[in-house]
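Here's a quick tour for anyone meeting this structure for the first time. Have a look at the sequence and the model before reading on.

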Amino acid sequence: MSEAPTKKKIASFLARHLRTAELDGDEDIFAAGLVNSLFAMQIVLFVEKEFSVTVENDDLQLDNFRSVNAIAGFVARKQAALAAS
Amino acid sequence: MKIELTDQQRENQQRFQAFVEREVMPRAEVYDESGVFPDDLALAMGRAGHLGALAPVEYGGLDLDMISFGLQNEAYGRGCASARSLLTVHNMVLASVLRWGSAAQKARWLPGLAAGQSLAAFALSEPESGSDANSLQTYAVLEGDHYSLHGSKKWITFGQLAGLFLVFAKLHGKTTAFLVERGSPGLAVEAISPMGGCRAAMLAELRLDGCRVPAANLLGRPGLGWTYVANAALDNGRYSVAWGCVGLAQGCLEASLAYVNRRRQFGALLREHQLIQAMVADMVAGVEAARLLCFKAGYLQEIGDPGAILATSLAKYFGAQNAARVSGAAVQIHGANGFSRVFPVHRHWRDAKVMEIIEGSTQIQQMIIGRASAAG
Ligand SMILES: Cc1cc2nc3c(=O)[nH]c(=O)nc-3n(C[C@H](O)[C@H](O)[C@H](O)COP(=O)(O)OP(=O)(O)OC[C@H]3O[C@@H](n4cnc5c(N)ncnc54)[C@H](O)[C@@H]3O)c2cc1C
């Protein structure tokens, strides 16, 4: 499956909630100080709802959530694991 | 769009209301006065399955949808805020174990919590750390196969009765969540009493003096206790409190309507005086508005929408202030009787003020809502 629609959904979710212009794919939202703990939890809820995956304890690593590309990669890995099981 | 309960939700609502009217309301005044929550009431709540509201059926829970869980909290809130606060903290811990627990942790604790055989308490606040909850000073050190916890926790609802505590402590400087069993070596539980509101909520202070906690009792991941475990639990607690506030205000409204239909002054029933009608109208509008905010938050929670967190904060913010306003009006309408212990509005009024302090005070909700709304 193409990653483009996934990335687009993620980018527009982040842009909507962070009220920024569309982010670059690799722009680090944590380093930019854009994320508080409320939003960190909202990202988890968004990923679970939008892509029908479950975020487990071991998935809660900044590297999975720090940018549009990171989240898209994480979602792709989860969906692949789900499809394989 | 449709705002209407399903048959199942209505059935749940009636069941919860009937239980509260039978088991809670007739004696709420008495145990509030004594400051001691009746053991047999906690047991009855457990037997009725009410303490397993959010647990899946496989663990013996009711697996309620979020609207039904809200209606349960409203039903309890209408009767007694102390009893509702047991639902709140117990479910905060239960939901945390469900969301972040390992398979072994779930198997170990969820059945007992769902059945109400063991009560749970949420231990975040400390003597020097309240609204700024992540500034907590309690810390944990790994020593072989266990952690040693040092520090103290204050204002812990149902801490006097809980068998399991969800305790937050710094591990390498980062907030981490631990499941601490009553009776753990180094844990002392001291009652805080008397309180001015939620008098039967069995508050306790916990002293953790090198409290020994098995390494397997760390909940979630090290360092993620604040961002994920505490915040998700507080969101759950806020939802419960918001609905509890609707119930509290509803109880005050009902008591006031009965009173204005009975009490006469200046040759007329109170309800015939326009200034009383104005108060009643404001009460009705407030209760309706608070309930609708709760329905919205519940709907968003049910579908897992990211906007649920803010909607819940808003429902709690408005609901707590509304409960304080409506209960104040109810005391006013009752005149001197409102200050006697014969009418429950006095208790509701005291309890309502607590709602503006707990689960993130009114000011903290203003910060959350204001920042999120004005960002960018
Ligand atoms: C009945 C009851 C039950 C409780 N149960 C529990 C429990 O089960 N578990 C638990 O962990 N804790 C519990 N608490 C503690 C509760 O969570 C805290 O009281 C609450 O977080 C507020 O902290 P504080 O009392 O230290 O007030 P403080 O944080 O010292 O605040 C004092 C005042 O300053 C305001 N304030 C603080 N910071 C700001 C700011 N930045 N801007 C503007 N105003 C601000 C507050 O809103 C408040 O009005 C309970 C408290 C009560 C009263």
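What follows covers chain A as a whole and then a few backbone spots in chain B.

This is a predicted model, where local features need pLDDT of at least 70, side-chain atom pairs count only at pLDDT 80 or more, and totals for chains, interfaces and linings use all residues. Residues are numbered from 1 along each chain as its sequence is written.

Chain A has four helices and zero strands, running α-α-α-α from the N terminus; helices here are DSSP runs (H or I) of at least four residues, and strands are E runs of at least two. Its C-alpha atoms fill a box of roughly 35 × 25 × 20 Å along the principal axes. Of the 85 residues of chain A, 46% count as buried, meaning under 20% relative accessible area with a 1.4 Å probe and protein chains only, while exposed is over 50% and partly exposed is in between. Contacts are heavy atoms within 4.5 Å, and in chain A 58% of those with a separation of 6 or more link residues 24 or more positions apart.

Now for chain B. Most residues other than glycine have a negative phi, and most peptide bonds are trans. Two residues there have a positive phi without being glycine:

| Residue | Phi | Place in chain B | Relative accessible area |
|---|---|---|---|
| B:Trp155 | near 65 degrees | strand S3 (residues 146–156) | 42%, partly exposed |
| B:Glu359 | about 50 degrees | loop between helix H10 (345–355) and helix H11 (362–374) | 14%, buried |

The peptide bond from B:Ser193 to B:Pro194 is cis, with omega near 0 degrees. B:Pro194 sits in the loop between strand S6 (187–191) and strand S7 (204–214).

Note on methods
Chains are lettered from A and ligands numbered from 1 in the order in which they are written. Side-chain values use heavy atoms; hydrogens and water are left out.
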